[in-house]
2 protein chains.
Amino acid sequence: MTRFEVLILGNSSATPMYGRHPTSQLLNFNEQLFLIDCGEGTQMQLFRYGIKGSRISHIFISHLHGDHYFGLIGLLSSQHLVGRQNELHLYGPPALKEILDLQFKHSDTRLRYPLVFHSTNEDHSEVIFENAHLSVRSFPLRHRIACTGFRFDEKKRSASLKKEEVERLNIPIPYLRFLKKGIDYVANDGTVYLAKNLTNPPPPPRSYGYCSDTVVNEDYFEEIRGVDLLYHEATFLHDRIERAKETFHTTSLEAAQVAQIVGARKLLLGHFSARYKDLQPLLDESRTIFPHTELSEEGKWFLV
Amino acid sequence: MTRFEVLILGNSSATPMYGRHPTSQLLNFNEQLFLIDCGEGTQMQLFRYGIKGSRISHIFISHLHGDHYFGLIGLLSSQHLVGRQNELHLYGPPALKEILDLQFKHSDTRLRYPLVFHSTNEDHSEVIFENAHLSVRSFPLRHRIACTGFRFDEKKRSASLKKEEVERLNIPIPYLRFLKKGIDYVANDGTVYLAKNLTNPPPPPRSYGYCSDTVVNEDYFEEIRGVDLLYHEATFLHDRIERAKETFHTTSLEAAQVAQIVGARKLLLGHFSARYKDLQPLLDESRTIFPHTELSEEGKWFLV
């Protein structure tokens, strides 16, 4: 099975406390590494967990609050200093490029590797990355400033052959790829060999939804419909729902409701307020509604 | 004795490695806190060592290479978020303000505390801060981009009275402050009481010199003449002197020579290249010339 999992690099909101770090996650899809948000200290966290920054090919920034991107300029600069040469694709709000360029200018830095910037759109959802096996979509969230979530969808794979059967029946090799696509094989003598009998169905494609800072609203529910793993911010406990609404954030109870409504399989909570030293109550609250909840614990890998 | 000491928050050059952090130091002078440079992760380091950011009144940034200031925007933002109200004075190259303002603008942040920006000058040395007990001077260093060092000078204090003597002789209280300034007391009967016999001389004023990134050159030697504690970058061992010159940095042997030439009392090495996991050779090399050398170990306080 293709590797599809996410490493938590930071789970803190706003101000880092108790050794927790601001938001960042590393997604490994089939050994291609994607970074999602990049709070201050992300490059040190990557080092701590043994991840080489040069392996990251794409970075997605949800919005321009500092706890989601202040570590980006440091990571990009370090990649330059250690001699990175391979392309790096960066997705984020248009102003992000302006902020980076200004800092590169004043440090007299001319990157030695191609940094390809792609603006995200705060108004509508769209596919922003696609290859043969994966597509990534950004979609608007509702926060104090423009903010997008991201959805990572594995593409549907072909069926796999039942090797022993195929060999036993002497199906000619050129026809095997048709079988995998579900096309039956008709032999010269007219015998029909059904594709469904000679193949195992592919595993269902998996998907990861990432909802960084947002106040809960129906507008983005369709975007994360049926994801296998849903990361949703849960800054506060529900007794602070008023504060959550004021600051355009979500409570852990609301995050659980969202997971339930969209039919997610598992829920990952994060972006915890500095108010909570002990995070267990946030987990407990969510599990009252959505039992398959986990806390996004730093340094831990979660399977999608 | 007035407290005058420096806490090392980061001692790494360029890319953070081996758990070391980019450059930052906290100077405590009589419980007033000054931050010198602010690499990425400085706010986490302050938290680790139990320092409240709100106690910092002045921040000095030497230059706009990221390993000396990428942590500043995060620290300033966090101070805003935790409700700081007291003034914060920031000293650095003019473009620093532009960089900060652009990021505040795009995160829609209006600081709740007064941030007073003071441009440093890359062309000449000047006093940039002064109060009754301390003065701070910036001076040009020679690096790839504009860079300044800083010198912190304790002001000369008054002599202290020999209390028992003064009481025994019944010197009238209004004259005591003159004695402290070295003015003798002449009693009504013509007897002269010499100030030097009734006072203890003040301790000699102390000074701290901070030389962040620079290639060694005589131009700044006068600026750090006779400091008690000299922090000098020592990015490389001397076998990499060519690399040091190319990158406008210093070797530990050169740092020791500087300390010797300017008559520093103690030397603190820092800004270590990621090339060195073990720092002992840098210390050993410096001590061959200047025995009173220490490594700027993170988390350690050094007396000025």
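# A tour of the interface and two sheets

Start between the two chains of this predicted model: there are zero salt bridges between chain A and chain B. A salt bridge would need a side-chain nitrogen of Lys or Arg within 4 Å of a carboxyl oxygen of Asp or Glu.

**Stop 1: the interface.** Select the residues of each chain that touch the other. You should have 35 residues from chain A and 35 residues from chain B. The area buried between chain A and chain B is about 2800 Å², and carbon and sulfur atoms give 67% of that area. Next, pick out A:Glu40, A:Phe70 and A:His106. In chain A, these three lose the most area to chain B, and together they make up 22% of what that side buries.

Now turn on polar contacts across the interface. Eight residue pairs of chain A and chain B are in polar contact, both residues at pLDDT 80 or more.

**Stop 2: the helices of chain A at the interface.** Select helix H1 (42-48), helix H2 (72-81) and helix H3 (95-106) of chain A; each supplies at least two residues of the side that touches chain B. Then keep H3(A) alone: six residues of that side come from H3(A), the largest share. Colour the whole side of chain A that touches chain B by residue type, and the count is 17 nonpolar, 14 polar and four charged.

**Stop 3: the sheet of chain A.** Move to the open sheet of seven strands in chain A, ordered S6-S5-S4-S3-S2-S1-S18 with mixed pairing. At its edges are strand S6 (115-119) and strand S18 (301-303) of chain A, each pairing on one side only. From one strand to the next, the twist averages 20°.

Zoom in on strand S5 (residues 88-92) of chain A beside S6(A). These two strands run parallel and are joined by five bridges. Select A:Leu90 to find one of the pairings: its bridge partner in S6(A) is A:Phe117.

**Stop 4: the sheet of chain B.** Chain B also holds an open sheet of seven strands, with the order S6-S5-S4-S3-S2-S1-S18 and mixed pairing. Strand S6 (115-119) and strand S18 (301-303) of chain B each have a single partner strand, so one side of each has no neighbour in the sheet. The twist here averages 20° from one strand to the next.

Finish at strand S1 (residues 4-10) and strand S2 (residues 24-29) of chain B, which run antiparallel and are joined by six bridges. Select B:Phe4, and the residue opposite in S2(B) is B:Phe29.

Technical notes: Residues numbered from 1 in each chain as written. Chains lettered and ligands numbered in written order. Predicted model: local features only at pLDDT ≥ 70, side-chain atom pairs only at ≥ 80, totals over all residues. Heavy atoms only, no water. Contact = heavy atoms within 4.5 Å. Buried area = accessible area lost by both parts, 1.4 Å probe. Polar contact = N/O pair within 3.5 Å; in protein donor to acceptor, adjacent residues only side chain to side chain. Helix = DSSP H or I, 4+ residues; strand = E, 2+ residues; numbered from the N terminus. Nonpolar A, V, L, I, M, F, W, Y, C, P; charged D, E, K, R; others polar. Pairing = 2+ DSSP bridges. Axes fitted to C-alpha atoms, helices over the stretch in contact; angles between N-to-C directions.
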